[in-house]
Amino acid sequence: MSNDYNKMAFEKKVKDALQAVERVLEVERKPRLAAEVDHSYGDKYALANTVTNTAIITLMNCLDKLGLNADILTAIDKTNATTLRFEASA
């Protein structure tokens, strides 16, 4: 039952977000869930690529806000595992 509720809550959030996107676009585009649209096999990979790139950009923006800009990240030694630790201050 909890999974059904979570799925319904998620779908409602997506539906609300899609309505907000439609209002912002104010054009004839109608964004929909991929499962509701006829698409080719390759479209799934394009969608996965777009979503992955969006997630990476979001993560990079978060790290930048925390002070880890591209210069610092490229300077990290890539031959060893790296752990990021943050301290909060009041």
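User: Before we start, what is the expected span of a helix?

Analyst: It's 1.5 Å times one less than the number of residues in the helix. Keep that handy, and keep in mind that this is a predicted model.

User: Okay, so how do you know that helix 2 reaches about as far as expected?

Analyst: Helix 2 covers residues 41–65, which is 25 residues. The rule takes one less than that number, times 1.5 Å, and the expected value comes out at 36 Å. From first C-alpha to last, helix 2 reaches 37 Å, so it is close to the expectation.

User: What comes after helix 2?

Analyst: Gly 67 follows helix 2, and its phi is positive, near 100°.

User: What makes up the chain, in terms of helices and strands?

Analyst: There are 3 helices and 0 strands. Reading from the N terminus, you get α-α-α.

User: Why is the chain called more spread out than a compact globule?

Analyst: For 90 residues the globule rule gives 12 Å, but the radius of gyration here is 19 Å. That's well over the rule's value, so the chain counts as more spread out than a compact globule. Along its principal axes, the C-alpha trace spans about 45 × 35 × 30 Å.

User: How much of the chain is buried?

Analyst: Just 3% of the 90 residues are buried. The chain exposes about 8500 Å², with carbon and sulfur atoms supplying 58% of that.

User: Why is Leu 25 called partly exposed?

Analyst: Buried means under 20% relative accessible area, and exposed means over 50%. Leu 25 has 29%, which falls in between, so it's partly exposed. You'll find Leu 25 in helix 1, residues 2–25. Its C-alpha is 22 Å from that of Ile 57, 32 residues away along the chain.

User: And what makes Ala 35 buried or exposed?

Analyst: Ala 35 has a relative accessible area of 78%. The cut-off for exposed is over 50%, so Ala 35 is exposed. Ala 35 sits in the loop between helix 1 and helix 2. Asn 49 is 14 residues from Ala 35 in sequence, and their C-alpha atoms are 17 Å apart.

User: How many charged side chains are positive and how many negative?

Analyst: The chain has 12 positive and 13 negative ones, and the centres of the two sets lie 3 Å apart.

User: Where is the predictor's confidence highest, and where is it lowest?

Analyst: Helix 2 has the highest mean, 89, while helix 1 has the lowest, 80. Over the chain the mean pLDDT is 83, and 90% of residues reach 70 or more.

Key: Residues are numbered from 1 along each chain as its sequence is written. Side-chain values use heavy atoms; hydrogens and water are left out. Helices (H or I, at least four residues) and strands (E, at least two) are DSSP runs, numbered from the N terminus. The radius of gyration is taken over C-alpha atoms; the globule rule is 2.2 Å times the number of residues to the power 0.38. Buried means under 20% relative accessible area, exposed over 50%, partly exposed in between (1.4 Å probe, protein chains only). Accessible areas come from the Shrake-Rupley method with a 1.4 Å probe; for residues, only the protein chains shown count as cover. Lys and Arg count as positive and Asp and Glu as negative; His and the chain ends are not counted. The place of a charge is taken as NZ of Lys, CZ of Arg, CG of Asp or CD of Glu. pLDDT is the predictor's confidence in each residue, from 0 to 100.
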